[in-house]
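Me: Hi! I've got a model open and would like to talk through a few spots in it. Could you help me read it?

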Amino acid sequence: METAMFGAGCFWGVEVAFRSIPGVKDATVGYSGGKTENPTYHEVCTDETGHAEVIQVQFDPLKVSYEQLCLFFFGMHDPTTLNRQGPDHGTQYRSAIFYYSPEQHVIATKVKNDLNAEGKIGRPIVTEISPAKPFFRAEEYHQRYLEKRGLNSCHI
């Protein structure tokens, strides 16, 4: 098993989307990329902690590659908007890939550069690609939030 971490706006819909990928064993919502230890949802929503809402993905690389996850990530949200996804805005909703290894860094950067060169997305991709920082699991009521409410998607 390997770990990946992505931020693509509000984490509820992103979690559902990643859980649908064959080879993804788990997706956990949380916060990363900020300066506060053990932030709460309320603190992250102030846009003062520096954290992004993220999904930590556990996946089987024999069934789905990190490159495939990156391609899925870029296709599931608008990676061209800075600190915004749909109606949500603030740095906590930024498009971000937090990599765990030099190999993940190379792959994420290559996918981003290739997509920019192809021009298929239409505008330059602003997705942050940074080393993984500590992951803080979100409060339990955020885990599988949409599933608990009988929903399978939101505005992403």
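Me: What's the nearest side chain of opposite charge to Asp 60, and how far away is it?
Reply: That's Lys 63, 4.3 Å away. Asp 60 is buried (under 20% relative accessible area with a 1.4 Å probe, protein chains only; over 50% is exposed, partly exposed in between), yet has no salt bridge. A salt bridge here is a side-chain nitrogen of Lys or Arg within 4 Å of a carboxyl oxygen of Asp or Glu. Lys and Arg count as positive, Asp and Glu as negative, while His and the chain ends are not counted.

Me: Are these numbers from a predicted model, and what are the cut-offs?
Reply: Predicted, yes: local features need pLDDT of at least 70, side-chain atom pairs count only at pLDDT 80 or more, and totals for chains, interfaces and linings use all residues. Side-chain values use heavy atoms, leaving out hydrogens and water, and residues are numbered from 1 along each chain as its sequence is written.

Me: Where is Asp 60 placed?
Reply: In the loop between strand 3 (52–59) and helix 3 (66–76). Helices (H or I, at least four residues) and strands (E, at least two) are DSSP runs, numbered from the N terminus. Leaving aside neighbours within four places in sequence, Asp 60 is in contact with Met 1, Gly 23 and Lys 25; contact means heavy atoms within 4.5 Å.

Me: New topic: which residue is the bridge partner of Glu 2 in strand 3?
Reply: Phe 59. Strand 1 and strand 3 run antiparallel, joined by 5 bridges.

Me: And how many residues of helix 1 are buried?
Reply: 7 of its 9, including Trp 12 and Phe 18.

How values were computed: Two strands pair if DSSP finds at least two bridges between them.
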